[in-house]
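Welcome to the tour! Open the structure in your viewer, and let's walk through it one selection at a time.

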Amino acid sequence: MDSESKIQGEFVCPVPIERYATVLLAHGGGGKLTHQLIEQLFLPAFGNSLLEERHDGAILNVDSGRIAFTTDSYIIHPLFFPGGDIGSLSINGTVNDLAMCGARPLYLSAGFILEEGLPMDTLRRVVQSMKLAAENAGVRLVTGDTKVVDRGKGDGIFINTAGIGLIESGCHISPANVRPGDRILLSGDIGRHGIAIMAVREGLEFESTIMSDCAALSDIVLSLLATGVEVHCLRDLTRGGLASALIEIAETSSLHFEIHEAEIPVQEDVKGACEILGFDPLYVANEGRFVSFVPANDAERALQRMRAHPLGNQARIIGTVKSDNPGLVTMQSRIGGTRVVDMLSGEQLPRIC
Amino acid sequence: MRFVDEYRDPDAARLYAQALERITTKNWTIMEVCGGQTHSIVKFGIDELLPPAVTLVHGPGCPVCVTPLELIEKAIEIASIPEVIFCSFGDMLRVPGSSKDLLTVKASGGNIRIVYSPLDAVKIAIENPDRQVVFFAVGFETTAPANAMAVFQAHQKNVQNFSMLVSHVLVPPAIEAILSSRDNRVQGFLAAGHVCAVMGWLEYEPIALEYKVPIVVTGFEPVDILQGVYMCVRQLEEGRAEVENQYSRTVRKEGNIAAQKLIREIFHVVPRKWRGIGEIPRSGLGLQEKYKSYDAEVRFGIAGHSAEEPPECISGLILQGIKKPGECPAFGTVCTPEHPLGATMVSSEGACAAYYHYRRTKH
């Protein structure tokens, strides 16, 4: 079998992909080089029976029930950062969106937009990272596409992934299901992804390397759902941080969320970086954290289950849902004052002093 | 986190709030000068812990807010020149000029970079000898030493493609301008801790004496501010008007002598226009004659911009402590951080922006 595939490989690919140190326009042209890329890079990494059919699309068998479907595009500079890279991010991000629907992630598609001149080694590292992230999250990459744009018209690699997941439990997770009295649970410390990226991008040096929290949340969410806790809403914290996630849900549900600053964990080095830069950790990006809304009488049980998972060992109950002041998020500060948590007008920018 | 958590301690905050309650017998109006203090007060809800008789009003100490509109226009014009790399602290980029801001210039192809230190701009100039690198030097006395150091280093290393667009402002003349106003209602000041870390507090003593106001050099954390207010109210209640130092972990009476020497080497005192207030004599810093060749306004021949503020904006009154943001009819309606009408809504440290972000309740 090994020798067969080797022979077949040699037949299909007289010029091995290793000969190309960089991505050429022809790698996206649909001809020989595209085929080599598929045969020698993507198939070995993601190989599964569905992908190997090499059909125009994947034909999937799914159990009857409700299906969750999502898509997201990933552009990030730098491509590699402490704790992750664009590859793991593109898998985990879409897996997390499915998990937030209460779904078990099953299948992903991947669309690559590569910039001419991208080192082939960089692409190989990214693909390898996607493979590991997909294995870790238990999803299969079943269809894909590659395009190459002229040099200077991309930023190395852009990746789009779409995903399908199966909702196995009878849960109804939606902002519309949040109820007054619900408790708000946060799965762990916030702000690490944003600061990790910022540190690399801006060449900021701290005593310790701040690692992104980039992770697949499907396992912890499914284990939470398996307890039978009535989960009303889930939301992963991404670009706009904890603040934006809560404000979005408060506005959609027309309810008031009251949170407590003292209950929100922030790692010491992230706190320090935020103090130096004048950032508020509430608005700093995350890639492996989520909030859940559960009825008060289920909150303790949900908290214990989240804490039993490695990705939730710092989970906390950070607040309560109220019916006064619809659409508002307020925070009780450490010293006992109250303030509104407002949506940012743009990106957080470092302050003068 | 050490040196932060102890100054955000709820028990210490409560003790100061209780002590204030005990000593306050009359109504007092106190101004915190610095935007960083305003931000802390509103963010942590410090004013909610004060006795109702003590009112905090917010001062002109937000460098982003008080940078005059015509200087923003000049920055935009310089940043739009193709061979220029324009370097700035991050929060200046969103400040609107009369038609656009620096972020818009960046989006249309301007080479604009956020730097964390003016020395980074000098480094960029060394790395890009064929480009003109301009640093937007704004701020109070706090940022003046580092900005002075950038010019000093550029001069020493003969970096000829580096220049600065200077809009430095000084705190004591602004305090005097407020105290001289007929409408003044401020009875005591919390001076800006970091400004005093550089300059010390000797220059505040004649002001306290002449205008009979207590001035307390104060830090930025909640417990600092509560202690500063306590010290100020205690002076008012006892009929004293002195300069006291709450921020003793950072500030010495004489300040940072080496930093002051460097500031005097590079800059000299000039009249400066303040956005929302107008021109205050001897209230800013400009480059000394010896370093005039590093002045971006001279280098690019940019002068004579004039720009009008919208008439409905009352930011001048807010910066002088005469009104509070909620008293403005435009606040939160036609004037928002996305579409600011004036100075105090443009920066996150401006009083109106702080109230908008942290205090706005939905109707």
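## First stop: a covered helix

Select helix 8 of chain B and colour its buried residues: B:Val171, B:Pro172, B:Pro173, B:Ala174, B:Ile175, B:Ala177 and B:Ile178. Keep in mind as you look that this is a predicted model. Helix 8 of chain B spans residues 171-180 and is mostly covered, with 7 of its 10 residues buried. What covers the buried residues of helix 8 of chain B? Show strand 1 (28-34), strand 2 (54-61), strand 7 (188-192) and strand 11 (278-287) of chain B, which are included in the cover. Then add helix 9 (193-199) and helix 10 (205-211) of chain B, which are included too.

## Second stop: a sheet in chain B

Stay in chain B and select the strands in the order 4-3-5-6-11-10. These 6 strands form an open sheet with mixed pairing. Which strands stand at the edges? They are strand 4 (111-114) and strand 10 (267-274) of chain B; each has a single partner strand, so one side of each is left without a neighbour in the sheet. Turn the view a little: neighbouring strands of this sheet are turned by 25 degrees against each other on average, with direction ignored.

Now zoom in on one pair. Strands of a sheet pair through backbone hydrogen bonds, in either the parallel or the antiparallel way. Here, strand 3 (residues 84-88) of chain B pairs with strand 4 of chain B in the parallel sense, over 4 bridges. To find one of them, click on B:Ile85, whose bridge partner in strand 4 of chain B is B:Asn111.

Next, select helix 6 (residues 118-127) of chain B, which lies across strand 3, strand 4, strand 5 and strand 6 (162-169) of chain B. Helix 6 of chain B runs at about 175 degrees to strand 5 of chain B.

## Third stop: where the chains touch

Show both chains. How many residues of each are in contact? The contact takes 35 residues of chain B and 23 residues of chain A. On the chain B side, select helix 1 (10-23), helix 2 (35-44), helix 3 (63-66), strand 5 (132-139) and helix 16 (351-359), the elements that give two or more residues each. Colour this side of chain B by residue type and you will find 18 nonpolar, 8 polar and 9 charged residues.

## Fourth stop: chain A and its domains

Hide chain B. Chain A has 10 helices and 13 strands. Its radius of gyration is 22 Å, close to the 20 Å that the globule rule gives for 353 residues, so chain A is as compact as a globular protein of that length. Of those 353 residues, 45% count as buried.

Give residues 2-167 (domain 1) one colour and residues 175-340 (domain 2) another, following the domain assignment of chain A. The C-alpha centres of domain 1 and domain 2 of chain A lie 30 Å apart. Their contact takes 21 residues from domain 1 and 23 residues from domain 2 of chain A. On the domain 1 side, look for helix 4 (86-99), strand 4 (104-115) and helix 5 (120-137) of chain A, each supplying at least two residues. Helix 4 of chain A gives the most to this side, with 8 residues.

## Last stop: helix 6 of chain A

Finish with helix 6 (residues 192-202) of chain A, where the buried residues include A:Arg192, A:His193 and A:Gly194. Among what covers them are strand 2 (80-81) and helix 9 (268-277) of chain A. Just after helix 6 of chain A, select A:Gly203, which has a positive phi, near 65 degrees.

Notes: Residues numbered from 1 in each chain as written. Chains lettered and ligands numbered in written order. Predicted model: local features only at pLDDT ≥ 70, side-chain atom pairs only at ≥ 80, totals over all residues. Domains from an automatic or database assignment. Contact = placed C-beta atoms within 7 Å. Nonpolar A, V, L, I, M, F, W, Y, C, P; charged D, E, K, R; others polar. Pairing = 2+ DSSP bridges. Axes fitted to C-alpha atoms, helices over the stretch in contact; angles between N-to-C directions. Rg over C-alpha atoms; globule rule 2.2 N^0.38 Å. Buried ≥ 20, exposed ≤ 12 C-beta atoms within 10 Å, placed from the backbone.
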